[in-house]
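Visitor: I'd like to go through this one at the bench-talk level, and I'll keep asking how you know. Can you put it up for us?

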Amino acid sequence: MRKLVLLLVIAGSLLVVPAAHAAISDALGIPCTVASDGVRECGSSAPRSTAGSWDGTPIDVNIAFPPAPPSGTDGDYPLIIVGHGYGGSKIGFGAADSTAGLRHFTSQGYAVFSMTDRGFHESCGSNASITAGGSACDNGYIHLMDDRYEVRDAQFLVGELADEGLADGQRIGATGGSYGGGLSLQLATLKDRVMMPDGTLVPWTSPVDHLPMRIAGATPNIPWSDLAYSLTPNGRKLDYVADPAYTGRMGIEKESFNNGLYAVVTLGAGKYCAQSPFPSPCTDFGADVTAWKARIEQGEPYDGDPSTQAVLAEIQAHHSAYYIDHSEPPAP
């Protein structure tokens, strides 16, 4: 019931009458088609519908808009970002006679954006997509929901939708489950900021017109706020303590859970750094999931080992909502 109330509050804060704009024929350079129920569907799964992110990496996206209003006003919609689970891909549109998929939101008047996260499936996560992307996929491997990469991809592409007059940069919501929950929670914590590759935070603005952007509200579903603790708990994060950071000794990994997540990718859902056809060994420590996993599985002693401390510091700095600078309150 509480989650339903949160969704209704977020919906109420976002949804108002859209401003005037020309009819929507494409979004992010992707052609849109009008379905039988009037929903504008921009995207494809055969084989992919990609848009270049901030560094040129081709990200596979689906975007949907409600039926065109009869008055001819069209655009500046409130927009929902919907993330997928680990190993998954962008959310589909759903059948025209249902409210499943992205239609769950278009039926309520929202535009919807969903992307296959960097390194998975058709976002440089398959051999075919890497061949199609060429050198643009050079940095397209999984960065494990890094604020500077996967999260910034969503911010950049949604910013482009604002530049195109299709989305209102001040009325953006985010939701998703598991890995997508992490995306929505990190988006909400950054709120109106973007994390750059060097870790600095800058205002989130659209890439061309520099329109101010923000997350107005988010509903994360089974996410993590501290990735290191969720995967290698040390028993010291107490739920009755106001500010329970991961402190003290390195924890012990949830081996079966970690192995399962890792196998999802190696069995075909995506590509880690150093996984063929990417060069090996990986030279990007901030995304070297294979090396992180190998060191943790060597076992103790962890105390005083700079390699384990480096892994912990990396995950805390760039892959967890909890450690994002909180001098500014997060979105609701």
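Guide: Here we go; bear in mind that this is a predicted model. The structure holds three disulfides.

Visitor: What makes C32 and C42 a disulfide?

Guide: The cut-off is a pair of cysteine sulfur atoms within 2.5 Å. C32 and C42 have theirs 2.0 Å apart, S to S, so the pair qualifies as a disulfide.

Visitor: Why is the disulfide of C32 and C42 called right-handed or left-handed?

Guide: Look at the torsion about the S-S bond: for C32 and C42 that is about 100 degrees, so this disulfide is right-handed.

Visitor: And which parts does the pair of C32 and C42 tie together?

Guide: C32 sits in strand β2, residues 30–34, while C42 belongs to strand β3, residues 40–43, so the link ties together parts that are ten residues apart in sequence. As for cover, C32 and C42 are both buried.

Visitor: What about C124 and C137, how far apart are the sulfurs there?

Guide: S to S, C124 and C137 are 2.0 Å apart. Set against the 2.5 Å limit, that makes them a disulfide too. The torsion about their S-S bond is about -75 degrees, so this disulfide is left-handed. The pair links distant parts of the chain: C124 is in the loop between β7 (111–115) and α3 (127–133), and C137 is in the loop between α3 and α4 (150–163), 13 residues apart.

Visitor: How do you know whether C124 is buried or exposed?

Guide: Buried means under 20% relative accessible area. C124 comes out at 0%, so it counts as buried. C137, at 1%, counts as buried as well.

Visitor: What makes C273 and C282 a disulfide?

Guide: Their sulfur atoms are 2.0 Å apart, and the cut-off is 2.5 Å, so C273 and C282 pass. With 100 degrees about the S-S bond, this link is right-handed.

Visitor: Why is C282 called buried?

Guide: C282 has a relative accessible area of 13%, which is under 20%, so buried is the word. C273, at 6%, counts as buried for the same reason.

Visitor: What pattern do the disulfides follow along the chain?

Guide: Count the bonded cysteines along the chain and you get 1-2, 3-4, 5-6.

Visitor: Let's pick another residue: where is H143, and why is it called buried?

Guide: H143 is in the loop between α3 and α4. Its relative accessibility is 1%, so it counts as buried. Leaving aside neighbours within four places in sequence, the contacts of H143 are R118, Y149, E150, D284, G286, A287 and H319.

Visitor: Now the whole chain: how do you know whether its radius of gyration agrees with a compact globule?

Guide: A compact globule of 332 residues would have a radius of gyration near 20 Å, and the protein chain has 20 Å, so the two agree. Along its principal axes, the C-alpha trace spans about 70 × 45 × 35 Å. The secondary structure comes to nine helices and eleven strands, and buried residues make up 51% of the 332.

Visitor: And how many positive and negative side chains are there?

Guide: The protein chain has 20 positive and 36 negative ones, with the centres of the two sets 5 Å apart. The chain exposes about 14100 Å², and carbon and sulfur atoms supply 60% of that.

Definitions and conventions. Residues numbered from 1 in each chain as written. Predicted model: local features only at pLDDT ≥ 70, side-chain atom pairs only at ≥ 80, totals over all residues. Heavy atoms only, no water. Helix = DSSP H or I, 4+ residues; strand = E, 2+ residues; numbered from the N terminus. Buried < 20%, exposed > 50% of the residue type's maximum accessible area, 1.4 Å probe, protein only. Rg over C-alpha atoms; globule rule 2.2 N^0.38 Å. Areas by Shrake-Rupley, 256 points an atom, 1.4 Å probe, with all protein chains shown as cover. Lys, Arg positive; Asp, Glu negative; His and termini not counted. Charge placed at Lys NZ, Arg CZ, Asp CG, Glu CD. Contact = heavy atoms within 4.5 Å.
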